[in-house]
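User: I would like a close look at a single part of this model, with its surroundings described in one connected answer.

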Amino acid sequence: MEVYKPEEILKHTLHRSFPMPNQDWVVLSEWKDVLMLHWKVGASTVKRILPKELSIDTFEGGAWVTICVASVDNFTNRFFTLIKQGFSFDQVIMQTYVIHNGKPGLYIFNQELEKSFTKNLYKKIFKLKQGETEIVRESTGEEHKFFAKNDFSGFKLGLKYRFGTDIPKTQIESWLTNRFKYFHEKQGNLYEYSVHHIEWKFKEVYLEKFKSKFMYGGLELITQPDFIHYSPGIQKLFWPKFLIK
């Protein structure tokens, strides 16, 4: 994974379809060993889980949902200078693809954080979700394994995979990843985050074992994904959240 200074990240803008906010970013984090599992689903299925303020975005006539596995590192708030920062955690994010005010974005409808994160002071400082999920990542040579389990929700995900050489981005990769608005709902409120990063770089990935149990609002992800992506990682800049409703 290539690491850049924030000022260098901000110079990469050709892949954006709209400008960045006219204010300072607040959080920088590194998303490493990112595995994205994508499913094409019916628009009516996605509509049931979307807040009314968001519209479904489609590609080739279908809506898409993604399970994104990532190890987040060096999570830092640029304005919290009096405390030690740069902490790390593993997470699994479930997201779908939306439009708000004419701009494409991601609606994050579920997030799983590792259990060890419950003891971390930063979850309170940065108002992050309580970690409830057992997550294990292992790498031995070319073989990579991932396991996550949440006994309370019933969520399970088990993966074994290998990755290979770099691959060029196609139209669907650009459609899925060039999204710089993130939305999530909490206690009846819908929030928007502006985000920026350089363009994603992907490698060939071979999924050797897959097992999933995830159900949410009529959406069920238990079959093999339609396709997958692997990226060594990317740095993301986040702006302050904005209350939509």
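Why does Thr66 count as buried or exposed, whichever applies? Please go on from there to what lies around this residue.

Analyst: The model is predicted, and the values below are computed from it. Thr66 counts as buried because its relative accessibility is 1%, and the cut-off for buried is under 20%. The residue is found in strand β3, which covers residues 63-77.

Its contacts come next. Leaving aside residues up to four places away in sequence, Thr66 touches Met36, Leu37 and His38, and also Ile93, Met94, Gln95 and Tyr97. With Tyr97 there is also a polar contact, made between the two side chains at 2.5 Å.

Two of the residues that Thr66 touches, Met36 and Gln95, appear again at an enclosed space. A search of the whole structure finds 1 cavity of 30 Å³ or more. The largest cavity holds about 110 Å³ of space. It is lined by 14 residues, and those closest to its centre are Met36, Gln95, Leu106, Tyr182 and Trp200. Strand β1, strand β4 (87-100) and helix α4 (171-177) are the elements that each give two or more residues to this lining. The largest share, 3 residues, comes from β1. By class, the lining of the largest cavity has 8 nonpolar, 4 polar and 2 charged residues.

Leu37, another contact of Thr66, leads to a neighbouring strand pairing. Leu37 stands opposite Ile228 in β14. Strand β1 (residues 27-41) and β14 run antiparallel and are joined by 11 bridges. Strand β14 spans residues 227-238 and is mostly covered, with 10 of its 12 residues buried. Strand β10 (residues 189-196) also runs antiparallel to β14, through 2 bridges. Within that pairing, Val195 has Phe238 of β14 as its bridge partner.

An open space can be set beside the cavity. The second largest pocket contains about 220 Å³ of space. Its lining has 12 residues, and Asn110, Glu112, Ser153, Phe155 and Phe214 lie nearest its centre. The classes in the lining of this pocket are 4 nonpolar, 4 polar and 4 charged.

To return to the starting point, Thr66 is buried at 1% relative accessibility, and its side chain has a polar contact with the side chain of Tyr97. Its contacts Met36 and Gln95 are among the residues closest to the centre of the largest cavity.

Key:
Residues are numbered from 1 along each chain as its sequence is written. This is a predicted model: local features need pLDDT of at least 70, side-chain atom pairs count only at pLDDT 80 or more; totals for chains, interfaces and linings use all residues. Side-chain values use heavy atoms; hydrogens and water are left out. On a 1 Å grid over the protein atoms alone, a cavity is a set of points where a 1.4 Å probe fits but cannot get out, and a pocket is an open set with protein on both sides within 12 Å along at least five of seven lines; lining residues have an atom within 4 Å of a point. Grid points are joined across faces, edges and corners, and a volume is the space filled by probe spheres set on the points. Ala, Val, Leu, Ile, Met, Phe, Trp, Tyr, Cys and Pro count as nonpolar, Asp, Glu, Lys and Arg as charged, and the others, Gly among them, as polar. Buried means under 20% relative accessible area, exposed over 50%, partly exposed in between (1.4 Å probe, protein chains only). Helices (H or I, at least four residues) and strands (E, at least two) are DSSP runs, numbered from the N terminus. Two strands pair if DSSP finds at least two bridges between them. A polar contact is a pair of N or O atoms within 3.5 Å; within protein, one must be able to donate a hydrogen and the other to accept it, and residues adjacent in sequence count only if both atoms are side-chain atoms. Contact means heavy atoms within 4.5 Å.
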